[in-house]
Amino acid sequence: MTEKTRSPEYRLAQGALSGLRQDLFHDAFAYRPLPPLRADGPLVRRLPGERIRRGAVWLPHAVVLFVAFCALMLAGAAGSGEFFSGLLFGLVPAGAVAMTLIRPIGAWWVSILSTPFVSVLSGSSSDSPWSPGGFLSHLAVMVVVAARTRPRTAGWMWFVTAGYAVFVDAFIGRGYGTNAPAMLFTSAVALLVVSMFLIRRNANEEVAAQQTVTAVERDRRTLLEERTTIARELHDVVAHHMSVVAIQAEAAPYRVENPPEELERAFATIRENAVAALTELRRILGVVRAEDYEAPDAPQPMLTDLGTLLANVRDAGLETEKTITGAVRELPQGVELSAYRIIQEALSNALRHAPGSTARVEISYVLGGLGLRVVNTAPRGPAKPSPGAGHGITGMRERVTMLNGEMTAEPTEEGGYEVTAFIPVAVTPAQEMS
């Protein structure tokens, strides 16, 4: 019979048996020690004192060993013979409980296989198939193993335990009282609680992992979008200048009467190189443009356009003042464009996250570059801040990094926010002479 002709029921049964073999038979006695609790976990870190926290990480081990001790004492007290004789026969179930700390699946097999022998040899004939100590130990073993494995393993343990209980009641019970219903009901409730806890914990871990991946992907996408925007703007800036070079190189020979042939060839070479560079630039950087992107008709904004920006921000409700220090000079267009965008984004963040605040824009022209500082006060008034994911900060950092600058963005002690940036600018010979 081929795999395609097998019925769905057969494949379901085959899958179930495969799961049983994987959970309860494969490496059943493998060494799997129970690790201590994390010192920074939600429970341990709330405890006072370093010494107490160091000891609290072994709390699960202490609880398991305490249950094993209780099972041992119960076996001794419930035996029909002497107390110490009952203790002797209680060592096996108590040892199975302790064994869950290092070999969990093997401990369950020891518990289930030793149950009939312990029940008969201990002389406890009031209940079947579990003696009082065996009842506690087997229940504890299933709970610990379920907590250390997964819900499917808990289901298999319960079904095998139920099958054993039914077999004993049907063929070996011989009229004795049975505690199988109590075991099956109690273990079902306990395993259900443990399984629900495991499912919830695994779901929380998956959600946390997914949120981390989503946040990383969102930051990466924001970074790529900002780089795309920067590439578009640089394309427009460089393309403009290269076009001017090509046009001037073409017109230059006509401005000179009877220009030498060498000069005409030089200008022709300059024009050809400028056109070739412009074509290559458009071919490479043009791929980052979206299909619906249209190059702006107006020139890219510069620092001289800050007056219009600040007026728009004031109309939106953010009181803003501007301070300029140093000798104002013309900077490379890429630097001016990035500086304008940084200030624009910082003021937009203040509008969104600090309604009712005031902002101050400081621009410092120094010999080695351009310094920017945008600081806003704490939000005031009834308006609530708008939520944000911090993408604006990512974009500002990308612009500053592209220009080999430095930037900081952090809250102020008064409850506001401050963005500072320094963009280095090469000093020209004329500036050095002045």
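These legends walk through several views of a predicted model, starting with the whole protein and then moving in on single sites.

**View 1. The whole protein at a glance.** Welcome to a predicted model with 13 helices and seven strands. The protein has 434 residues, and buried ones make up 36% of them. Its accessible surface comes to about 25900 Å², and carbon and sulfur atoms account for 62% of that area. How far apart in sequence are the residues that touch? Among contacts between residues at least 6 apart in sequence, 72% join residues at least 24 apart.

**View 2. The largest pocket and its lining.** This pocket holds about 980 Å³ of space. Its lining is made of 28 residues, and those nearest the centre are Leu34, Leu37, Pro60, Phe197 and Arg201. Helix 3, helix 6 and helix 8 (180-251) are the elements that each give two or more residues to this lining. Which of them gives the most? That is helix 8, with six residues.

**View 3. A nonpolar patch on the surface.** Four residues, Leu37, Leu43, Leu59 and Val63, come together here as a nonpolar surface patch. Their accessible area adds up to about 330 Å². You may recognise Leu37 from the previous view, where it was listed among the residues nearest the centre of the largest pocket. Leucine 59 belongs to helix 3, which covers residues 59-78. Is leucine 59 buried or partly exposed? Its relative accessible area is 42%, so it is partly exposed.

**View 4. The second largest cavity.** The structure holds two cavities of 30 Å³ or more, and this view shows the second largest, with a volume of about 60 Å³. Around it you will find Pro93, Ser111, Ser114, Thr115, Val118, Trp130, Ser131, Gly134 and Ser137. Helix 5 (104-121) and helix 6 (132-148) each supply at least two residues of this lining. Helix 5 gives the most, with four residues. Helix 6 may sound familiar, as it also gives two or more residues to the lining of the largest pocket.

**View 5. Asparagine 376 and its surroundings.** Look for asparagine 376 in strand 5, which runs over residues 369-376. Its relative accessibility is 10%, and because buried means under 20%, asparagine 376 counts as buried. What does it touch, leaving aside neighbours within four places in sequence? Its contacts are Ala350, Ala354, Ser357, Thr358, Ala359, Gly416 and Tyr417. Take glycine 416 from that list: it is 40 residues away from asparagine 376 in sequence, but the two C-alpha atoms are 5.4 Å apart in space.

**View 6. Aspartate 27, with a positive phi.** Most residues other than glycine have a negative phi. Aspartate 27, however, has a positive phi near 50 degrees. You can find aspartate 27 in the loop between helix 1 (8-25) and helix 2 (50-56). With a relative accessibility of 46%, aspartate 27 counts as partly exposed.

**View 7. Asparagine 404, another positive phi.** Asparagine 404 is not a glycine, yet its phi is positive, at about 60 degrees. Where does this residue sit? Asparagine 404 is in the loop that lies between helix 12 (391-402) and strand 6 (406-411). Its relative accessible area is 65%, and exposed means over 50%, so asparagine 404 is exposed.

Conventions. Residues numbered from 1 in each chain as written. Predicted model: local features only at pLDDT ≥ 70, side-chain atom pairs only at ≥ 80, totals over all residues. Heavy atoms only, no water. Patch = residues over 30% accessible without salt bridge, like charges linked within 9 Å, V, L, I, M, F, W, Y side chains within 5 Å. Areas by Shrake-Rupley, 256 points an atom, 1.4 Å probe, with all protein chains shown as cover. Salt bridge = Lys/Arg side-chain N within 4 Å of Asp/Glu carboxyl O. Buried < 20%, exposed > 50% of the residue type's maximum accessible area, 1.4 Å probe, protein only. Contact = heavy atoms within 4.5 Å. 1 Å grid on protein atoms, 1.4 Å probe; cavity = no way out; pocket = protein on both sides within 12 Å on 5 of 7 lines; lining within 4 Å. Points joined across faces, edges and corners; volume = space filled by probe spheres on them.
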